[in-house]
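Colleague: Pick one part of this model and walk me through it closely, please. I'd like to follow how its pieces are put together, with your terms spelled out as you go.

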Amino acid sequence: AAAEKGGWSSFMAKEVSEEPEAVANTIRGRIHEGTVVIPELDGLDDLFSGISRIVVIACGTAAYAGQVGKYALEKWARVPVDVELAHEFRYRDPVIGPGTLVVSISQSGETMDTLMAVKFAREQGAKTLSICNTQGATIPRESDAVVYTHAGPEVAVASTKAFVAQITALYLLALHVGRIRDTIAAVDIAEHVRELEAIPAKIQRVLTLEQAHIEQLAHWMADTRSVLFLGRNVGYPIALEGALKLKEISYIHAEGFAAGELKHGPIALVEPGQPVFVLVPSPRHSALLHSKVVSNIQEIQARGARVIVIAEEGDAAVLPFADEVLHIPLAGAMFEPLLAVVPLHIFAMGLATARGLDVDQPRNLAKSVTVE
Ligand code: G6P
């Protein structure tokens, strides 16, 4: 097993280090001359032209990737998107039919909850597309189409590199559907494609520049009892993912919130010393969103929170209010999640390690849940 880890202390550490390749390999062969061409979807334009709605179904981390994908699918392909937990979707008589495309996301392709939801969707006449990391798995076999993520085998129970690959695949899909439906200009596709191609090197930069700092931080925080995560817009699902990862492998209470929701409840949780991660959107994309999140930071800091900010390099506005700043490289608005999640994966791993836990095999969890 030591050899399989390739010198890393755990599969999870190895898999986080492979996040750049997971994105690069998922893009490979799907971009030609500034546009997205997905060979697996060749001849399947009908899946996308006649639909009025997309429903994304998944469980766990994959569902958070789906929530990020919703922003891209709505913005670029102009299709209304709902993201549903697979086990909730199927048991509430959802309104779906031939005008619905159900996109399932599953690393393993074997999650029973997701599989049953896909079968149900087909029975209702919906079209089905699977985003999957495992060639020939059951869910892609039960679907009309499949877009594989090429993250490589993921062994650690908590999903990391598959998550960034899932977001990558969803972005490629959103650009593909936008091109078919003519809802996005060719120059904009070219621009997003350039952004996507630049992501692997930027993830590598986060790993190179911030990994040791984050591990140190996790070490100092080994006795922390609860951690909160705040994000807004595409940063919101990333806050949820940061919290899930911490629960899964370090057994610490953690919760993610939409930053705008703070004043509607969660701020009551903030007491002196409470660690709060805040994902700050770039001020270059929206001065308004940025300033709203900065005022959230001020509000929690004033109540004694220990504020750990994830912000783009050069964002000086956050410095006066943050106890710690973790930097990510500059990227397009839609692409920040692919960078901001990396410190959160490192942090969860670092904290579990500092607490002496087995990061690859957390208690009570299975890599793939093949029962309902
Ligand atoms: C299990 C794992 C999670 C994973 C979820 C979905 O609960 O512990 O890490 O996110 O299943 O798995 P899938 O293979 O469908 O992506």
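Modeller: Sure. When I say helix or strand I mean a DSSP run, H or I over at least four residues for helices and E over at least two for strands, numbered from the N terminus. The model is predicted, so I describe local features only at pLDDT of at least 70 and side-chain atom pairs only at pLDDT 80 or more, while totals for chains, interfaces and linings use all residues. Residue numbers start from 1 along each chain as its sequence is written.

I'll go for the sheet. Five strands form an open sheet in the order β4-β3-β5-β6-β7, with parallel pairing (strands pair if DSSP finds at least two bridges between them). At the edges sit β4 (81-85) and β7 (145-148), each of which pairs on one side only. From one strand to the next the twist averages 20°; axes here are lines fitted to C-alpha atoms, for helices over the stretch in contact, and angles run from 0 to 180 degrees between N-to-C directions.

Now zoom in on that β4 edge. Its parallel pairing with β3 (residues 53-58) runs over five bridges. If you want one rung to find on screen, take Val55, whose bridge partner in β4 is Asp82. Helix α4 (residues 61-77) packs on the sheet, touching β3, β4 and β5 (100-106), and its direction makes about 175° with that of β4 (contact means C-beta atoms, placed from the backbone, within 7 Å). Helix α8 (residues 161-181) packs on the sheet too, this time touching β5, β6 (127-132) and β7, with its direction at about 140° to that of β6.

Follow the chain between α4 and β4 and you hit a loop that holds Arg78. Arg78 isn't a glycine, yet it has a positive phi of about 55°. It has 14 other C-beta atoms within 10 Å, so it counts as partly exposed; 20 or more would make a residue buried, 12 or fewer exposed, and partly exposed is what falls in between, with C-beta atoms placed from the backbone.

Back to α8, since you'll want to know how that helix sits. Of its 21 residues, 19 are buried, so α8 is largely enclosed by the rest of the structure. From first C-alpha to last, α8 reaches 30 Å, close to the 30 Å expected at 1.5 Å a residue (the expected span is 1.5 Å times one less than the number of residues). Right behind α8 comes Asp182, with a positive phi near 60°.

Helix α10 (residues 235-250) makes a handy comparison. Its 16 residues should span 22 Å at 1.5 Å a residue, and the end C-alpha atoms are indeed 22 Å apart. Of those 16 residues, 15 are buried, so α10 is largely enclosed by the rest of the structure. Just after α10, Tyr251 takes a positive phi of about 60°.

Parallel pairing turns up with β10 (residues 275-279) and β11 as well, over five bridges. There, Val276 stands opposite Val307 in β11. Six of the seven residues of β11 (residues 306-312) are buried, so that strand is largely enclosed by the rest of the structure.

One last stop is the ligand. There are 16 residues around it, and Gly60, Ser106, Gln107, Ser108 and Thr111 come nearest (near means a C-beta atom, placed from the backbone, within 6 Å). By class, that shell has six nonpolar, nine polar and one charged residues. Nonpolar covers Ala, Val, Leu, Ile, Met, Phe, Trp, Tyr, Cys and Pro, charged covers Asp, Glu, Lys and Arg, and the others, Gly among them, are polar.

Conventions:
Two residues are in contact if their C-beta atoms, placed from the backbone, lie within 7 Å.
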